[in-house]
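Please open the structure in a viewer and set the display to cartoon, with side chains available on request. The stops below are arranged as a sequence of selections.

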Amino acid sequence: MSDLPELQQAWLVIRRGSPSDALSFRTDWPVPTKLKPGEVLVKVQAAALNPVGYKLMKWLPNLPGIGRPLVAEHDLAGVIVDGNGTEFKPGDQVFGFVSVELSMATSQGALAQYIRLPADHLALRPSNISAIEASGITLAAQTAHQALFDIGKLETGQTIFINGGSSAVGAFAIQLAKAAGARVFTTASGRNEQFVRKLGADEFIDYTQVSLPQYLAENPPSPKFHLILDAVALVDPSLYTHSSSYLQPNGIFISTGPTPPSLSFSNVRKIMRTLGAMIIPSWLGGVGRRYSIVMLKNSHDRLLALRKALEEGQLKPVVDSVHDFCDVLKAYDRMMSSRATGKIVVKVDEGVE
């Protein structure tokens, strides 16, 4: 590691705000060479943006424990520089992520040339996918996997509904559910119908043309859904509050976490309606269906299962666009346009293919 630089380029979150206000590009950020037991040093090849990245920038103030200034973003693909006595050795091609909690504790993030993180947050990159493709897998795919199998207990032959099939979590969820032998209903705009069908969706609903709760209540599957995954984090509780018409009594409604675009009275009221519907028992007029929010917890076993699915072709990453490291703000503009299909990737190493 004698040729390892002392300083690096990185995009830092320095304050609360939109990416253009919250981010600062630095060329003098220290390379993290001091590793704890179980940590490795990775040279980042590519990083991918996630909605949680800009939402945390927008909502979290600069308080103790937030870790600012910290390097932005979570998903990455790269090359091991120092294996530090772990299963990895220098030169290994890897993919993985730094969790939100870990980022706040260590100020590490994916939008930097080098990152230190625990080895169990990484896996060897399969040879059949590129670093660009691999960079956007871990957070969204682990979220989908945890929702479907750890929370939803999905089994072969069951029927599920995925709201937001063209989102990153939704796209992975469709593929994982089909690989498990489920029948999948999903939503997207009409322009993305062929995209979600190619991923494996059995039934498609254009959410721009119908009221989803009303449509599903009038056209429930038989049998009713075993599981509903809201991958777009709806603030409006209607899909849940009407779900007794199309979700089985022992079924479960899972959300990636309703996040209001603003703290307007209308949005706060919707959140309160959701909370009320969750806790009011059915005999008092409640929904009578379980509601769960998926809070991602890293699992090395889950990451290895995803690697196996990638190797076997059951899971295919989808890249919306690729941006240069200097164009991170343009990449966030694409993210916040809500028009992306698949992952938005940033090339941290300009030489990566």
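Buried area is the accessible area, taken with a 1.4 Å probe, that two parts lose on being put together, summed over both. The model on display is a predicted one.

**First stop: the two domains.** Select residues 7-138 together with 299-347 and colour them as domain 1, then colour residues 152-293 as domain 2, following the domain assignment of the protein. The centres of domain 1 and domain 2, taken over C-alpha atoms, are 28 Å apart. Domain 1 brings 17 residues to the contact, and domain 2 brings 15.

**Second stop: the interface.** Between domain 1 and domain 2 about 1200 Å² is buried, and carbon and sulfur atoms account for 62% of that area. Now show Trp59, Leu315 and Thr341 as sticks: these residues supply 38% of the area that domain 1 buries against domain 2, more than any other three residues. How many salt bridges does the rule find across the interface of domain 1 and domain 2? The number is 0, whereas 3 residue pairs are in polar contact across this interface. Next, select helix α2 (residues 51-59), which with 3 residues gives the most to the side of domain 1 that touches domain 2. By class, that side of domain 1 has 7 nonpolar, 5 polar and 5 charged residues.

**Third stop: salt bridges.** The whole structure holds 10 salt bridges; three selections follow.

Select Arg116 and Glu39, whose side chains form a salt bridge at 2.6 Å, N to O. Arg116 belongs to strand β7 (residues 114-118) and Glu39 to strand β3 (residues 39-48), so that the pair links distant parts of the chain, 77 residues apart. Are Arg116 and Glu39 buried or exposed? Both are buried.

Move to Asp150 and Arg302, where the side chains meet in a salt bridge at 2.7 Å, N to O. This pair also links distant parts of the chain, with Asp150 in helix α5 (residues 138-151) and Arg302 in helix α11 (residues 300-311), 152 residues apart. Arg302 is buried because its relative accessible area, 8%, is under 20%. Asp150, at 37%, is partly exposed.

Finally, select Glu193 and Arg197, joined by a salt bridge at 3.0 Å, N to O. Both residues lie in helix α7 (residues 193-199), 4 residues apart, which is about one turn of the helix. Glu193 counts as partly exposed at 25% relative accessibility, and Arg197 counts as partly exposed at 33%.

Key:
Residues numbered from 1 in each chain as written. Predicted model: local features only at pLDDT ≥ 70, side-chain atom pairs only at ≥ 80, totals over all residues. Heavy atoms only, no water. Domains from an automatic or database assignment. Contact = heavy atoms within 4.5 Å. Salt bridge = Lys/Arg side-chain N within 4 Å of Asp/Glu carboxyl O. Polar contact = N/O pair within 3.5 Å; in protein donor to acceptor, adjacent residues only side chain to side chain. Helix = DSSP H or I, 4+ residues; strand = E, 2+ residues; numbered from the N terminus. Nonpolar A, V, L, I, M, F, W, Y, C, P; charged D, E, K, R; others polar. Buried < 20%, exposed > 50% of the residue type's maximum accessible area, 1.4 Å probe, protein only.
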